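Reader: I'm new to this one, so could you walk me through it?
Author: Sure, ask away once the picture is up.

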Amino acid sequence: MKNKIASFLIAFVIVAGGARNAHADSARERLAAEGDKYFHAQDYPRAVAAYKMALSADPSLGRAYYGLALTYHQQKEWELAIAAWKHSQPLFEPDATGLVLLGTDYYHLKRYDETLAACRNAINLRPNADTQAQAYYWIGLTYNELKQPEKAAGALVASQRLDPADADVDVELGNAYYALRQYPEAAQALKQAVRLQSNLGRS
């Protein structure tokens with residue numbers, strides 16, 4: 001699941017960067033495109049600097065806030081990422097991937113109610129199956145942390161249906177079933193996780 005989040009980050013910035021480059025007729029847009037370039041190169045300090053320069057030129061440039069949020073997310077600077085997401089939200093149509101990532105940033109700060117709200121808002125946008133699967137996964141993971149295994153299991157089963165090849169989901173589902181004392185179901189989920197991990201190692 002973590003690898004999928006990283007791939008979504010890259011995919012979004014590729015699309016956003018391509019759209020921006022087509023209209024890069026101002027200093028702010030060129031600076032934002034430069035931030036994308038540094039993000040792709042994993043040169044995060046330079047990406048941050050470029051996005052901030054773009055925002056100095058135009059504080060309403062939502063794509064720069066989005067890029068800044070992605071960059072802080074990759075640097076595990078959760079508070080800064082959340083602040084950037086909040087700046088970006090009024091400047092965009094609602095975005096499910098961004099909401100899931102916002103939820104993960106809240107999760108790492110143990111702000112679980114906000115994690116749940118962000119991921120539910122993402123699901124309500126009816127995004128593609130992969131994004132929904134991520135949202136349900138983080139909801140399930142959060143409920144496991146909150147010691148509410150019944151709710152965790154429900155969310156994780158939904159994630160599993162949308163993406164049956166994700167071992168992380170099966171691990172958390174196994175943990176939820178174990179907490180519910182549903183031991184055969186827990187064993188089945190954990191065995192499935194091992195099978196998926198073995199298949200991944202052979203691929």
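Author: One term before we start: a residue counts as buried when its relative accessible area is under 20%, and as exposed when that area is over 50%. Keep in mind, too, that this is a predicted model.

Reader: Okay, so is F39 buried or exposed?
Author: The cut-off for buried is under 20% relative accessible area. F39 has a relative accessibility of 1%, so F39 counts as buried.

Reader: And what kind of ring pair do F39 and Y44 make?
Author: Here's how to go about it: a pair of aromatic rings is described by the distance of the centres and the angle of the planes. For F39 and Y44 the centres are 5.7 Å apart. Planes under 30 degrees apart would be stacked and over 60 edge-to-face. The planes of F39 and Y44 are at 55°, so this pair is tilted.

Reader: How about Y107 and W138, what kind of pair are they?
Author: Both rings are tucked away: Y107 is buried with a relative accessible area of 12%, and W138 is buried at 5%. Their ring centres are 5.2 Å apart. The planes stand at 70°, so the pair is edge-to-face.

Reader: Which helices does that pair link?
Author: The two residues are 31 residues apart, so to speak, in distant parts of the chain. Y107 belongs to residues 96-108 and W138 to residues 129-145. That makes the linked elements helix 6 and helix 8.

Reader: Which residues do ring pairs link into a cluster?
Author: Across the whole structure, a search turns up seven aromatic pairs. Ring pairs join up one cluster made of Y107, Y112, Y137 and W138.

Reader: Let's zoom out: how many helices and strands does the chain have?
Author: Reading along the sequence, you meet α after α, with nothing else in the pattern. The count is eleven helices and zero strands.

Reader: What share of the chain's residues counts as buried?
Author: The chain has 203 residues. Its largest nonpolar core holds 53 residues, and L68, W85, L102, W138, I139 and L173 are the ones touching the most other members. As for the whole chain, the buried share is 48%.

Reader: What does L102 touch?
Author: L102 is one of the core residues that touch the most other members. Leaving out residues up to four places away in sequence, L102 touches I82, W85, Q89 and A118.

Reader: Why are the buried residues of helix 5 on the same side?
Author: Helix 5 spans residues 78-88, and W78, A81, I82, A84, W85 and S88 are buried there. What covers them includes helix 4 and helix 6. They are on the same side of helix 5 because they cover an arc of only 165° around the axis.

Reader: What is E172 in contact with?
Author: E172 is found in helix 10. With a relative accessible area of 14%, E172 is buried. Leaving aside neighbours within four places in sequence, its contacts are Y137, L141, N144 and L156.

Reader: What about R126, which sign does its phi have?
Author: Most residues other than glycine have a negative phi. R126 is in the loop between helix 7 and helix 8, and it is exposed, with a relative accessible area of 75%. Although R126 is not a glycine, its phi of about 55° is positive.

Reader: Where is K147?
Author: K147 also has a positive phi, near 60°, in a residue other than glycine. At 70% relative accessibility, K147 counts as exposed. Its place is in the loop between helix 8 and helix 9.

Terms used
Residues are numbered from 1 along each chain as its sequence is written. This is a predicted model: local features need pLDDT of at least 70, side-chain atom pairs count only at pLDDT 80 or more; totals for chains, interfaces and linings use all residues. Side-chain values use heavy atoms; hydrogens and water are left out. A nonpolar core is a set of buried Ala, Val, Leu, Ile, Met, Phe, Trp, Tyr and Cys residues joined through side-chain atoms within 4.5 Å. Buried means under 20% relative accessible area, exposed over 50%, partly exposed in between (1.4 Å probe, protein chains only). Contact means heavy atoms within 4.5 Å. Helices (H or I, at least four residues) and strands (E, at least two) are DSSP runs, numbered from the N terminus. Rings of Phe, Tyr and Trp (its six-membered ring) pair if their centres lie within 6.5 Å; planes under 30 degrees apart count as stacked, over 60 as edge-to-face and the rest as tilted. The arc is that of the directions from the helix axis to the C-beta atoms.
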